[in-house]
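Here is a note for a colleague who is opening this structure for the first time. The points below are meant to be read with the sequence and the model side by side.

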Amino acid sequence: MDWKRIVRFKVGGELWEVPLHVLILMALITLMLMLGGAYLGFRFGANQVNP
C-alpha cells in the first residue's frame, strides 16, 4: 500500500490534498478523542445524584 499517496477531496468549496498516512492518523486521533469523551461523559453522568 502506498502510504504517501495523495488523497484529494473537496470540503466547502475548497480542494484539499492530504497524504494517506496523515488522513489515517487524523481519523485515528479523532476516533480516540470521541471514545475518550464518551467514556468521560458516561463516568461523570453516572456520578450525578438522582432527585
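**Notes on the predicted model**

1. Surface patch. Met1, Trp3, Ile24 and Leu28 together make a nonpolar patch on the surface, and their joint accessible area is about 460 Å². Please keep in mind from here on that this is a predicted model. Within the patch, Met1 belongs to the segment that precedes β1 (6-11), and Met1 counts as exposed because its relative accessibility is 78%, where the cut-off for exposed is over 50%.

2. Overall architecture. The secondary structure of the chain amounts to 1 helix and 2 strands, and when read along the sequence these elements follow the pattern β-β-α. The chain is more spread out than a compact globule, because its radius of gyration is 18 Å, well over the 10 Å that the globule rule gives for 51 residues. Taken along the principal axes, the box filled by the C-alpha atoms is roughly 55 × 30 × 10 Å.

3. Burial and surface. How much of the chain is buried? Of the 51 residues in the chain, 6% are buried, which is a figure to hold beside the accessible surface of about 4,900 Å², with 68% of that surface belonging to carbon and sulfur atoms.

4. The strand pair. β1 pairs with strand β2 (residues 14-19) in the antiparallel sense, over 6 bridges. Two of the partnerships can be followed by name: Val7 has Val18 in β2 as its bridge partner, while Phe9 has Trp16 in β2 as its bridge partner. As a general point for reading such a pair, side chains in a regular strand alternate between the two faces of the sheet.

5. The hairpin loop. Gly12 sits in the loop between β1 and β2, and in this hairpin, which has 2 residues between the strands, Gly12 adopts a positive phi near 60 degrees. Is Gly12 buried or exposed? Gly12 is exposed, because its relative accessible area is 82%. Measuring from C-alpha to C-alpha on the model, Gly12 and Phe42 are 33 Å apart in space and 30 residues apart in sequence.

6. The salt bridge. A search of the whole structure finds 1 salt bridge. Arg8 forms a salt bridge with Glu17, and the closest N and O atoms of the two are 3.2 Å apart. Arg8 counts as exposed because its relative accessibility is 56%.

7. The C-terminal segment. Val49 is located in the segment after α1 (20-46), and Val49 counts as exposed because its relative accessibility is 75%. Val49 and Thr30 are 19 residues apart along the chain, and a distance of 31 Å separates their C-alpha atoms.

Terms used. Residues numbered from 1 in each chain as written. Predicted model: local features only at pLDDT ≥ 70, side-chain atom pairs only at ≥ 80, totals over all residues. Heavy atoms only, no water. Patch = residues over 30% accessible without salt bridge, like charges linked within 9 Å, V, L, I, M, F, W, Y side chains within 5 Å. Areas by Shrake-Rupley, 256 points an atom, 1.4 Å probe, with all protein chains shown as cover. Salt bridge = Lys/Arg side-chain N within 4 Å of Asp/Glu carboxyl O. Helix = DSSP H or I, 4+ residues; strand = E, 2+ residues; numbered from the N terminus. Buried < 20%, exposed > 50% of the residue type's maximum accessible area, 1.4 Å probe, protein only. Pairing = 2+ DSSP bridges. Rg over C-alpha atoms; globule rule 2.2 N^0.38 Å.
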